[in-house]
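Got your viewer open? Here is a short walk through the model, one selection at a time.

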2 protein chains.
Amino acid sequence: MSGTEERELVAKWRDLSTCYNNVACDLDRELQDQHGLGLSEFEALDRLIESGQDKLRMHELAEGMYLSQSAFSRTVARLERAGLVGRSMCMDDRRALFVTATDAGRSRHAEARDTHRKVLAHHLG
Amino acid sequence: MSGTEERELVAKWRDLSTCYNNVACDLDRELQDQHGLGLSEFEALDRLIESGQDKLRMHELAEGMYLSQSAFSRTVARLERAGLVGRSMCMDDRRALFVTATDAGRSRHAEARDTHRKVLAHHLG
DNA sequence: AGACGTTACATGCACGTGCATCAAATGCAC
DNA sequence: GTGCATTTGATGCACGTGCATGTAACGTCT
């Protein structure tokens with residue numbers, strides 16, 4: 001690999017990193033300040049509601065979210081503690097848990113959604 | 001903003017997020033396993049050495065690194081504890097500290113640099 | 001049925017991070 | 001000069017994360 005290629009590669013990585021961190025930082029701050037939601041909390045709530053399903057297994061909801069299993073488990077626990085989602089037993093498979101959005105969760109999501117989209121539009125639009 | 005535009009925006013953000021996390025995760029793991037360096041530690045060391053300067057003020061080195069001042073301070077502290085950089089007083093401004101790479105720091109960087117570039121090439125090449 | 005590996009979630013722990021704050025040195029106004 | 005805001009870097013604290021592990025409920029194979 002030539003020095004020029006290397007420098008381009010590193011520059012590309014720094015751009016990616018800078019861009020991601022700018023958006024994530026801004027997003028987290030806005031969601032936290034205006035709606036009391038962390039970024040991963042919003043992301044989980046958003047995926048749950050946008051899925052169209054009224055209940056999803058933990059494992060299904062976790063798919064595609066860049067969080068470890070433990071981090072995701074705690075994220076849902078925080079959402080539950082805040083009254084935004086509920087967890088219920090799954091009778092087909094008693095190891096699994098269903099996650100459902102509460103009314104409070106739906107309305108909080110509706111509010112936060114605008115903030116989320118606005119920040120994204122500002123950075124990526 | 002139309003629903004289509006929104007979905008595109010969210011999709012773009014998820015792509016960015018996914019891509020960044022994949023690279024960062026892989027990079028951190030490889031650097032940690034093979035060279036005992038965290039990602040932010042490598043990044044700081046890399047910027048210090050690639051700067052061409054043999055010493056930089058903390059504040060200068062921190063520029064462009066997506067870390068809070070406190071996180072950066074601790075990152076350099078870890079590098080110092082590992083013997084990879086040294087900190088020395090700056091006589092022009094006695095608040096400031098100079099950071100310099102040690103020989104151990106330079107050789108560790110030389111080793112880790114290949115790993116770093118290889119991971120970047122694999123993901124972004 | 002019994003044994004064993006696998007899957008789904010939760011939890012103890014160590015660690016890196018950001019925020020707020022602190023101490024010290026500097027610059028600036030007067 | 002004195003006073004005060006600003007800058008530089010360190011630190012206490014709370015918190016989110018990943019890793020390893022634990023627990024319980026599957027599935028499979030004999």
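Before the first click, a word on sheets: two strands pair if DSSP finds at least two bridges between them. Keep in mind, too, that this is a predicted model.

**Stop 1: the sheet of chain B**

Select residues 97–101 of chain B, which form strand β3. Now add β2(B): the two strands pair in the antiparallel sense, over five bridges. For one concrete example, click on Met89(B), whose bridge partner in β3(B) is Leu97(B).

Zoom out a little and you'll find an open sheet of three strands in chain B, ordered β1-β3-β2 and paired antiparallel. Why do β1 and β2 of chain B each have one side without a neighbour in the sheet? Both stand at the edges, β1 at 56–57 and β2 at 85–89, and each has a single partner strand, so one side stays free of sheet neighbours.

Next, bring up α4(B). This helix lies across β2 and β3 of chain B, and runs at about 115 degrees to β2(B).

**Stop 2: a histidine in chain B**

Stay in chain B and pick helix α1, residues 3–35; His35(B) is found there. Is His35(B) buried or exposed? With a relative accessibility of 13%, His35(B) counts as buried, because the cut-off for buried is under 20%.

Show the side chains here. That of His35(B) makes a polar contact with the side chain of Thr115(B), at 2.6 Å. Setting aside neighbours within four places in sequence, His35(B) is also in contact with residues including Glu30(B), Arg108(B), Glu111(B) and Ala112(B).

**Stop 3: the sheet of chain A**

Hop over to chain A. Here you'll see an open sheet of three strands in the order β1-β3-β2, with antiparallel pairing. The edges are taken by β1 (56–57) and β2 of chain A; each has a single partner strand, so one side of each lacks a neighbour in the sheet.

Select β1(A) along with strand β3 (residues 97–101) of chain A: two bridges join them, and they run antiparallel. Leu56(A) has Val99(A) as its bridge partner in β3(A).

Now add helix α2 of chain A, residues 39–50. It packs on the sheet and touches β1, β2 and β3 of chain A, with its direction at about 90 degrees to that of β3(A). Then add α4(A), which packs on the sheet as well, touching β2 and β3 of chain A; its direction makes about 115 degrees with that of β2(A).

**Stop 4: a methionine in chain A**

Click on Met89(A), in strand β2 (residues 85–89) of chain A. Its relative accessible area is 49%, so Met89(A) is partly exposed. Not counting residues up to four places away in sequence, Met89(A) touches Arg94(A), Ala96(A), Leu97(A) and Phe98(A). If you'd like to try the distance tool, go from the C-alpha atom of Met89(A) to that of Leu37(A): they are 52 residues apart along the chain and separated by 25 Å.

**Stop 5: DNA strand C**

Time for the DNA. Which residues come nearest to DNA strand C? Of the 23 around it, they are Ser73(A), Arg74(A), Arg87(A), Arg95(A) and Ser68(B).

Zoom in on Arg74(A), where a polar side-chain atom lies 2.3 Å from a base oxygen of DNA strand C. Arg74(B) also has a polar side-chain atom by a base oxygen of this strand, at 2.9 Å. For a backbone example, try Arg94(B): one of its backbone N or O atoms lies 3.1 Å from a phosphate oxygen of DNA strand C.

Color the surface near DNA strand C by residue type and you get five nonpolar, eight polar and 10 charged residues. The largest share, five residues, comes from α4(B).

**Stop 6: DNA strand D**

Last selection: DNA strand D. Of the 23 residues around it, Ser68(A), Ser73(B), Arg74(B), Arg87(B) and Arg95(B) come nearest. Sugar and phosphate make up 58% of the DNA strand D atoms that come within 4 Å of the protein.

Look at the backbone of His59(B), where a polar atom is 2.9 Å from a phosphate oxygen of DNA strand D. Met58(B) has a polar backbone atom 3.3 Å from a phosphate oxygen of that strand. Finish on α4(A), which gives five residues, the largest share of the surface near DNA strand D.

Terms used
Residues are numbered from 1 along each chain as its sequence is written. Chains are lettered from A and ligands numbered from 1 in the order in which they are written. This is a predicted model: local features need pLDDT of at least 70, side-chain atom pairs count only at pLDDT 80 or more; totals for chains, interfaces and linings use all residues. Side-chain values use heavy atoms; hydrogens and water are left out. A residue is near a molecule or strand if one of its heavy atoms lies within 4 Å of it. A polar contact is a pair of N or O atoms within 3.5 Å; within protein, one must be able to donate a hydrogen and the other to accept it, and residues adjacent in sequence count only if both atoms are side-chain atoms. Helices (H or I, at least four residues) and strands (E, at least two) are DSSP runs, numbered from the N terminus. Ala, Val, Leu, Ile, Met, Phe, Trp, Tyr, Cys and Pro count as nonpolar, Asp, Glu, Lys and Arg as charged, and the others, Gly among them, as polar. Buried means under 20% relative accessible area, exposed over 50%, partly exposed in between (1.4 Å probe, protein chains only). Contact means heavy atoms within 4.5 Å. Axes are lines fitted to C-alpha atoms, for helices over the stretch in contact, and angles run from 0 to 180 degrees between N-to-C directions.
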